Amino acid sequence: MRNGKCSSGFSLIEALIAILLVGMAVASLLAANSAFTKANGAGTDLSTAEFLAEQIRELTALLPVIDPETEVAVFGPESGETLLDYDDLDDFDGSSFSPPISADRSPLVDYGAFSQQITVQNVDASNFEQVVVDHGSFFVRVTVRVYLNSKEISSASWLRARY
Ligand SMILES: [Ca+2]
Ligand SMILES: [Ca+2]
């Protein structure tokens, strides 16, 4: 008949192993949590970048593709035009805004660590991947790259047609 004192409860070794396992579980939970916080921070930056690209899309959505006032449109700003006078899409080519600007062209100082860089290129009518000479087609591609502390974190591009 076995009725020993050791048959019930945990031995010291078992207790130590249990403590170790619980400790490892807690440590891995903490590590997962900090990784999640980091990923979440990156997600916030990405949302901000998308918001900033969207500002440019909104700003330029209603602008004509080439300058409405000059006979021979210049690719880039026509003479004397500054941001507030930009009245066609290619005026924005090569622009870089830091702090970034909103859809109403005012600086977003709260996002001072971010910047927007804009490229406007004509693309081939039958192959939008093919860049052609300035004003060489009726299609333009606008690209906005958003940088955070001079590191590119997001970019967006879209097409506009000249009509
Ligand atoms: Ca213009
Ligand atoms: Ca222009």
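In strand β4, the bridge partner of Gln117 is Arg145. This pair belongs to a predicted model, and it is one part of the pairing between β2 and β4, which run antiparallel and share 10 bridges. Further along, Gln121 stands opposite Arg141 of β4. Gln117 also takes part in a second pairing, since it is the bridge partner in β2 of Ser96. Ser96 lies in strand β1, residues 96-97, which is joined to β2, residues 114-124, by two bridges in the antiparallel sense.

**The pairing of the strands**

Strand β2 has a further partner in β3, residues 127-131, and these two strands pair antiparallel over two bridges. Within this pairing, Val123 is matched with Val131 of β3. Two residues separate β2 from β3, and the two strands form a hairpin. Strand β4 in turn is joined to β5 by 10 bridges, again in the antiparallel sense. Here Val140 stands opposite Arg160 of β5. β4 and β5 also form a hairpin with two residues between them. The table below sets out the four pairings, each with an example of residues that face one another.

| Strands | Bridges | Sense | Example pair |
|---|---|---|---|
| β1 and β2 | two | antiparallel | Ser96 and Gln117 |
| β2 and β3 | two | antiparallel | Val123 and Val131 |
| β2 and β4 | 10 | antiparallel | Gln117 and Arg145 |
| β4 and β5 | 10 | antiparallel | Val140 and Arg160 |

**The helix**

The chain contains one helix besides its five strands. In sequence order the elements follow the pattern α-β-β-β-β-β. The chain is more spread out than a compact globule, because its radius of gyration is 29 Å, well over the 15 Å that the globule rule gives for 163 residues. The box filled by the C-alpha atoms, taken along the principal axes, is roughly 110 × 40 × 20 Å.

The helix α1 has 50 residues. From its first C-alpha to its last it reaches 73 Å, close to the 74 Å expected at 1.5 Å a residue. Its buried residues are Thr48, Ala49, Leu52, Ala53, Gln55, Ile56 and Thr60. In an α-helix there are 3.6 residues a turn, so residues three or four places apart point the same way. The buried residues of α1 pack against three strands, namely β2, β4 and β5.

In the chain as a whole, 20% of the 163 residues count as buried. Among contacts between residues at least 6 apart in sequence, 44% join residues at least 24 apart.

**Loops and backbone details**

Gly94 lies in the loop between α1, residues 12-61, and β1. Gly94 counts as partly exposed because it has 13 C-beta neighbours inside 10 Å. Gly94 and Gly9 are 85 residues apart along the chain, and their C-alpha atoms are separated by 75 Å.

Most residues other than glycine have a negative phi, and most peptide bonds are trans. Against this background, three places in the model deserve attention. The peptide bond from Ser98 to Pro99 is cis, with omega near 0°. Pro99 is placed in the loop between β1 and β2.

His135 is not a glycine, yet it has a positive phi of about 60°. His135 is found in the loop between β3 and β4. With 16 other C-beta atoms within 10 Å, His135 is partly exposed.

Asn149 likewise has a positive phi, of about 50°, although it is not a glycine. Asn149 lies in the loop between β4 and β5, in the turn of the hairpin that these strands form. Asn149 is exposed, because 9 other C-beta atoms lie within 10 Å of its own, and the cut-off for an exposed residue is 12 or fewer.

Methods
Residues numbered from 1 in each chain as written. Chains lettered and ligands numbered in written order. Predicted model: local features only at pLDDT ≥ 70, side-chain atom pairs only at ≥ 80, totals over all residues. Pairing = 2+ DSSP bridges. Helix = DSSP H or I, 4+ residues; strand = E, 2+ residues; numbered from the N terminus. Rg over C-alpha atoms; globule rule 2.2 N^0.38 Å. Contact = placed C-beta atoms within 7 Å. Expected span 1.5 Å × (residues − 1).
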